[in-house]
Amino acid sequence: MSGYDIFAWIVLVILLASAIAVVCIAGWLPGHIAKSRNHPHAQAVTVAGWITLFFGFALWPIAFIWAYLDVPARKAGDA
């Protein structure tokens, strides 16, 4: 193996690790935002953020918007 081959393998490993990190952060981010904003459905947003990884990020924008969505507070007389 030459020096170029070793360098290419190092670059490949770094790229793969970076891709895995980006996917994990993208799955974690909506739930983290929802929890930090005290969203009443924070657990559901967290699950939606991770579930979307199985669907090729098609539902990720919905989970991300849901994390930022302000849910109105219930009134005292509402159940």
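A residue is called buried when its relative accessible area is under 20%, exposed when that area is over 50%, and partly exposed in between. With this in hand, the helix α1 of this predicted model can be explored from the inside out. The buried residues of α1 are Ala 26, Gly 27, Pro 30, Gly 31, Ile 33 and Ala 34. What do these buried residues pack against? Their partners are α2 and α3, the latter spanning residues 60-68.

The overall form of α1 comes next. This helix holds 34 residues, and the distance from its first C-alpha to its last is 47 Å, close to the 50 Å expected at 1.5 Å a residue. Along the way, α1 bends by about 35° at Leu 29. A proline, Pro 30, follows the bend within four residues, and Pro 30 is also one of the buried residues of α1.

Leu 29 itself deserves a closer look. This leucine of helix α1 has a relative accessible area of 26%, so it is partly exposed. Leaving aside residues up to four places away in sequence, Leu 29 touches Trp 60 and Phe 64. Leu 29 can also be placed relative to Trp 50: the two are 21 residues apart in sequence, and their C-alpha atoms are 9.3 Å apart in space. Another residue of helix α1, Ile 20, offers a second view of Trp 50. Here the separation is 30 residues in sequence and 14 Å in space, C-alpha to C-alpha. Ile 20 counts as exposed because its relative accessibility is 56%.

How is a pair of packed helices described? The angle between their axes and the distance between the axes serve this purpose. For α1 (residues 3-36) and α2 (residues 42-51), the axes come within 8 Å and cross at roughly 170°. Angles over 145 degrees count as roughly antiparallel, so α1 is roughly antiparallel to α2. On the α1 side, the contact involves Cys 24, Gly 27, Trp 28, Pro 30, Gly 31, Ala 34 and Lys 35. These meet Ala 42, Val 45, Thr 46, Gly 49 and Trp 50 in α2. By character, the residues of this contact divide into seven nonpolar, four polar and one charged. Gly 27, Pro 30, Gly 31 and Ala 34 take part in the contact and are also among the buried residues of α1.

The loops bring a change of backbone geometry. Most residues other than glycine have a negative phi. Which residue with a positive phi follows α1? It is Asn 38, with a phi of about 55° although this residue is not a glycine. Asn 38 is found in the loop between α1 and α2, and it counts as exposed because its relative accessibility is 68%. Phe 57, which is not a glycine either, has a positive phi of about 65°. Phe 57 sits in the loop between α2 and α3. Its relative accessibility is 33%, so Phe 57 counts as partly exposed.

The last stop is the segment after α3, where Leu 69 lies. Leu 69 counts as partly exposed because its relative accessibility is 47%. Which distances separate Leu 69 from Ala 34? The two are 35 residues apart in sequence, while their C-alpha atoms are 8.8 Å apart in space. Ala 34 has appeared before, both among the buried residues of α1 and in the contact of α1 with α2.

Methods. Residues numbered from 1 in each chain as written. Predicted model: local features only at pLDDT ≥ 70, side-chain atom pairs only at ≥ 80, totals over all residues. Heavy atoms only, no water. Axes fitted to C-alpha atoms, helices over the stretch in contact; angles between N-to-C directions. Helix = DSSP H or I, 4+ residues; strand = E, 2+ residues; numbered from the N terminus. Parallel < 35°, antiparallel > 145°, perpendicular 65-115°, else oblique. Contact = heavy atoms within 4.5 Å. Nonpolar A, V, L, I, M, F, W, Y, C, P; charged D, E, K, R; others polar. Expected span 1.5 Å × (residues − 1). Bend = angle between axes of the 7 residues up to and from the residue. Buried < 20%, exposed > 50% of the residue type's maximum accessible area, 1.4 Å probe, protein only.
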